[in-house]
Amino acid sequence: MNSPDFSHHEDASADALIEAFLDETASPEERARVLASVDSEPEFRERLALATAIRDALRSTPGVHAPPDLIPGVMRVVRQEARTAILARARGWLSTAWHIDLRPVLAMATLAAVVVLASLAGRPGEERVDPEVAEALEQVKWTLALLSEVGERTAFHVQNDVLEPHVLGPMQSAIHHVFAEPQ
Amino acid sequence: VTLSEFEIIVTQSQDRVFGYAMRLLGNRDHAADIVQDSMIRMWRNREKLETEGAVSWMLRVTHNACIDVLRRRKLETQIFAHEVDAERFESGGISPDRALETRDLRSHLDRALERLSEPYRSILILREIEDFRYDEICGALNLPMSTVKVYLHRGRRKLRKMIQEELYHELA
């Protein structure tokens with residue numbers, strides 16, 4: 001390796017040229033000068049090679065990873081502070097409202113909120129009947145109508161305990177009678 | 001800066017900001033403490049910050065804190081601890097062959113970086129190693145763009161001369 005001449009007056013301009021060449025900001029004329037110097041000046045060629053190697057070594061330095069608990073730790077603190085700030089703001093607002101004698105307004109607002117909540121809570125929900133259930137109910141309705149009709153025609157009155165076993169027998173007899181020997 | 005914006009900013013920039021602090025201080029625990037503190041301070045100052053300038057702001061706080069620590073500890077010449085070297089070659093970011101090829105140069109480079117004065121060292125680490133944008137570096141160091149470019153140019157030149165001298169003395 002040649003001994004570097006650090007006092008050389010052309011050092012600065014040669015370095016500037018190398019910088020521009022490596023940064024790809026050199027003009028076409030500067031690039032031509034670099035290429036010509038590489039061919040004709042061994043010292044310049046060495047300097048360019050060293051500059052390139054240093055740049056490559058710097059840029060290929062592997063990244064360092066932050067500890068995995070860094071962000072969770074930060075977010076824990078930040079979220080806690082955010083919650084505290086919201087509560088403090090709400091407390092401050094209420095305190096201000098209280099002190100400027102907005103108590104009637106606050107009372108009215110609270111009452112209105114209670115009424116709205118109560119009406120929402122007490123509102124009946126929309127009935128949703130499953131199609132199969134509706135169909136079954138329809139069948140029950142027509143069955144009861146039929147029983148009623150049978151009762152009318154046979155003077156047999158269906159009592160509240162119609163579903164009890166002791167009434168099933170007479171009912172079946174009556175139905176059989178109705179359908180076997182219609183009046 | 002909202003809470004969700006804050007979370008995105010710190011998550012995306014954590015490795016580079018931590019890497020910068022780590023390379024300046026040479027100690028993972030100290031770097032983590034400083035970066036965590038910078039992030040929390042950024043949140044506390046969110047009302048003064050735009051989303052675009054948030055990384056620069058955090059980087060500036062981190063930089064100032066690191067410089068303070070270095071001054072207090074008088075460790076400005078002892079950056080790049082063995083821990084960094086170990087992590088570099090274990091992290092898989094560079095192939096073993098390439099690591100061997102560049103190992104000699106890297107040892108010179110590390111020593112030269114240790115000896116390099118501020119702000120050249122910070123600018124070189126931020127730009128060449130951590131790949132921060134020029135505008136982020138300007139914000140971090142509170143310097144105009146032209147000055148950052150001049151310092152970067154001078155820093156590279158100083159680094160080159162230091163390594164050139166070392167190589168010359170080694171071969172002489």
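Counting over all chains of this predicted model, the salt-bridge tally comes to 18. One pair to start with is A:Glu19 and B:Arg156: A:Glu19 sits in helix α1 of chain A and B:Arg156 in helix α8 of chain B, the run covering residues 145–171, so this pair ties two chains together. Their side chains meet with N to O at 2.6 Å, and both A:Glu19 and B:Arg156 are buried. For B:Arg156 the relative accessible area works out at 11%, which is under the 20% cut-off and therefore counts as buried.

B:Arg156 has another acidic partner in chain A, namely A:Asp23, with the closest N and O atoms 2.9 Å apart. Here too the pair joins two chains, because B:Arg156 belongs to helix α8 of chain B while A:Asp23 lies in the loop between α1 and α2 (28–40) of chain A. A:Asp23 has a relative accessible area of 30%, so this residue is classed as partly exposed.

A salt bridge can also be found inside chain B, between B:Arg111 and B:Glu166, where the closest N and O atoms are 3.1 Å apart. This one links distant parts of the chain: B:Arg111 is in helix α5 (residues 96–115) and B:Glu166 is in helix α8, with their positions 55 residues apart in the numbering. As for accessibility, B:Arg111 comes out partly exposed at 36%, whereas B:Glu166 is buried at 16%.

Put the shared partners together and a network appears. Salt bridges join A:Asp15, A:Glu19, A:Asp23, A:Arg47 and A:Arg59 from chain A with B:Glu128, B:Arg156, B:Arg157, B:Arg160 and B:Lys161 from chain B into one network. Both pairs of B:Arg156 described above, with A:Glu19 and with A:Asp23, have their residues in that network.

Now for the interface as a whole. Between chain A and chain B, 39 residues of chain A are in contact with 44 residues of chain B. The two chains bury about 4100 Å² between them, and 64% of that area is on carbon and sulfur atoms. On the chain A side, A:Glu19, A:Leu58 and A:Val64 lose the most area to chain B, together making up 17% of what that side buries. A:Glu19 thus turns up in this trio as well as in the salt bridge to B:Arg156.

Charge and polarity are well represented in the counts too: across the interface of chain A and chain B there are 9 salt bridges, and 14 residue pairs are in polar contact, both residues being at pLDDT 80 or more. Turning to secondary structure, the elements giving two or more residues to the side of chain A that touches chain B are α1 (11–22), α3 (42–59) and α4 (70–99) of chain A. The largest share, 10 residues, comes from α4(A). Sorted by class, this side of chain A has 23 nonpolar, 7 polar and 9 charged residues.

Last, the cysteines. A search of the whole structure turns up 0 disulfides over all chains. In chain B, B:Cys66 has 0% relative accessibility and so counts as buried. B:Cys138, at 12% relative accessibility, is buried as well.

Key. Residues are numbered from 1 along each chain as its sequence is written. Chains are lettered from A and ligands numbered from 1 in the order in which they are written. This is a predicted model: local features need pLDDT of at least 70, side-chain atom pairs count only at pLDDT 80 or more; totals for chains, interfaces and linings use all residues. Side-chain values use heavy atoms; hydrogens and water are left out. Contact means heavy atoms within 4.5 Å. Buried area is the accessible area (1.4 Å probe) that two parts lose on being put together, summed over both. A salt bridge is a side-chain nitrogen of Lys or Arg within 4 Å of a carboxyl oxygen of Asp or Glu. A polar contact is a pair of N or O atoms within 3.5 Å; within protein, one must be able to donate a hydrogen and the other to accept it, and residues adjacent in sequence count only if both atoms are side-chain atoms. Helices (H or I, at least four residues) and strands (E, at least two) are DSSP runs, numbered from the N terminus. Ala, Val, Leu, Ile, Met, Phe, Trp, Tyr, Cys and Pro count as nonpolar, Asp, Glu, Lys and Arg as charged, and the others, Gly among them, as polar. A disulfide is a pair of cysteine sulfur atoms within 2.5 Å. Buried means under 20% relative accessible area, exposed over 50%, partly exposed in between (1.4 Å probe, protein chains only).
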